[in-house]
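Trainee: I have a new model to read. Where should I begin?
Mentor: Let us take a look, then go feature by feature.

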Amino acid sequence: FQLLTSVVFEYNSRKISGIGTVQINRSDGTFRVAGMNPLGVKLFELSGDQHSVTNHYAIADFSQYGDIATAVGSDIRRIYFDLIPGPEASIWKRRYKVIFREPSGTGFLEYVFAGTGGDLIEKNYYKEDGIVWNVSYYEYQDQDGKHWPQGIVLIHYQYGYRLLIRQKEILFERY
C-alpha cells in the first residue's frame, strides 16, 4: 500500500512539520519513504527491509541529528510492520482489551487490542528499566475492504521524541 501523510516531529520543545509518502510491502518486508517540508522541498528519501536501510537522499541539516536513515527506518518498522503477536505470546484478557506479550531482543513487545472490531490500539516495547517506545493507533477507517488507522502517534521515551502521523490518503495495490 501507499500512504500520503502529514507528520509532526517533536523533540526538545521543537516541532518540525512535514509531508510524507510511504510505500509498504508487508509480504516481502520492504518500504520506501520520502519526507518533505510543507513547501515541497525534499528533506530525505530512503528505502529498507527488515534488516537494513539505504539512504537515497538527506539534506545536510539532518546530519546534526545523527543517522536519520536508521532512525526513520526503525520507526517505519515499529509503526507499519509486526502488527500481530507471534504464537509464543502470552495473553491477558481485561474487561475492554486483550494484551499479548512476547520476548523481543533484550526486552518484550506488548500488543494491545480493543474496541468492537478488536483493533490494535497500542504496540509497546519494554526493557528491564521500563518502556522504551510506544505506538498508538486510533480513528480506524474502512476503505476498499481494508481497515486502517487514520492517526498514529509514536513516542520514543529513550530518545525523547514524538511523531504524530495523520494518514491523508491510502492506496491499496490490487491483486
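What follows is a short walk from the whole chain to single residues.

Trainee: What kind of model is this?
Mentor: It is a predicted model. Keep that in mind throughout.

Trainee: How many helices and strands does the protein have?
Mentor: Count the elements before anything else. The protein holds one helix and 12 strands. Now put them in order along the sequence. The pattern runs β-β-β-β-β-α-β-β-β-β-β-β-β.

Trainee: How compact is the protein?
Mentor: Compare the radius of gyration with a rule for globular proteins. Here the radius of gyration is 16 Å, close to the 16 Å that the globule rule gives for 175 residues, so the protein is as compact as a globular protein of that length. For the extents, use the principal axes. The C-alpha trace spans about 50 × 40 × 30 Å along them.

Trainee: What share of the residues is buried?
Mentor: Residues count as buried when their relative accessible area is under 20%. Of the 175 residues, 38% are buried. Then turn to the surface. Its accessible area is about 10,600 Å², and carbon and sulfur atoms account for 52% of that.

Trainee: How many positive and negative side chains are there?
Mentor: Count both sets, then ask where their centres lie. There are 19 positive and 20 negative side chains. The centres of the two sets are 5 Å apart.

Trainee: What can contacts tell me about sequence distance?
Mentor: Sort them by how far apart the partners sit in sequence. Take contacts between residues at least 6 apart: 33% of these join residues at least 24 apart.

Trainee: Let us try one residue. Where is G48, and is it buried or exposed?
Mentor: Place the residue in its element, then check its accessibility. G48 belongs to strand β4, residues 42-48. Its relative accessibility is 13%, so G48 counts as buried.

Trainee: Which residues does G48 touch?
Mentor: Leave out residues up to four places away in sequence. G48 then touches G29, T30, F31 and V53. Look at G73 too. G48 and G73 are 25 residues apart along the chain, and their C-alpha atoms are separated by 6.8 Å.

Trainee: Now T106. Where is it, and is it buried or exposed?
Mentor: Use the same steps. T106 sits in the loop between β7 (97-104) and β8. At 65% relative accessibility, T106 counts as exposed. Outside the residues up to four places away in sequence, T106 touches Y125 and K127. The C-alpha atoms of T106 and I76 are 20 Å apart, with the two positions 30 residues apart along the chain.

Trainee: How many aromatic pairs does the structure hold?
Mentor: Look for rings whose centres lie close enough to pair. The structure holds seven such pairs. In one of them, the rings of F108 and Y126 have centres 5.0 Å apart and planes at 20 degrees, so the pair is stacked. This pair links distant parts of the chain: F108 is in strand β8 (residues 107-114) and Y126 in strand β9 (residues 119-127), 18 residues apart.

Trainee: How accessible are F108 and Y126?
Mentor: F108 is partly exposed, at 29% relative accessible area. Y126 is partly exposed as well, at 22%. Y125 and W133 also form a stacked pair, 5.9 Å centre to centre with 20 degrees between the planes. Y125 is buried, at 10%. W133 is buried too, at 7%.

Trainee: Which residues do ring pairs link into a cluster?
Mentor: Follow the pairs from ring to ring. They link F9, Y11 and Y161 into a cluster.

Note on methods
Residues are numbered from 1 along each chain as its sequence is written. This is a predicted model: local features need pLDDT of at least 70, side-chain atom pairs count only at pLDDT 80 or more; totals for chains, interfaces and linings use all residues. Side-chain values use heavy atoms; hydrogens and water are left out. Helices (H or I, at least four residues) and strands (E, at least two) are DSSP runs, numbered from the N terminus. The radius of gyration is taken over C-alpha atoms; the globule rule is 2.2 Å times the number of residues to the power 0.38. Buried means under 20% relative accessible area, exposed over 50%, partly exposed in between (1.4 Å probe, protein chains only). Contact means heavy atoms within 4.5 Å. Accessible areas come from the Shrake-Rupley method with a 1.4 Å probe; for residues, only the protein chains shown count as cover. Lys and Arg count as positive and Asp and Glu as negative; His and the chain ends are not counted. The place of a charge is taken as NZ of Lys, CZ of Arg, CG of Asp or CD of Glu. Rings of Phe, Tyr and Trp (its six-membered ring) pair if their centres lie within 6.5 Å; planes under 30 degrees apart count as stacked, over 60 as edge-to-face and the rest as tilted.
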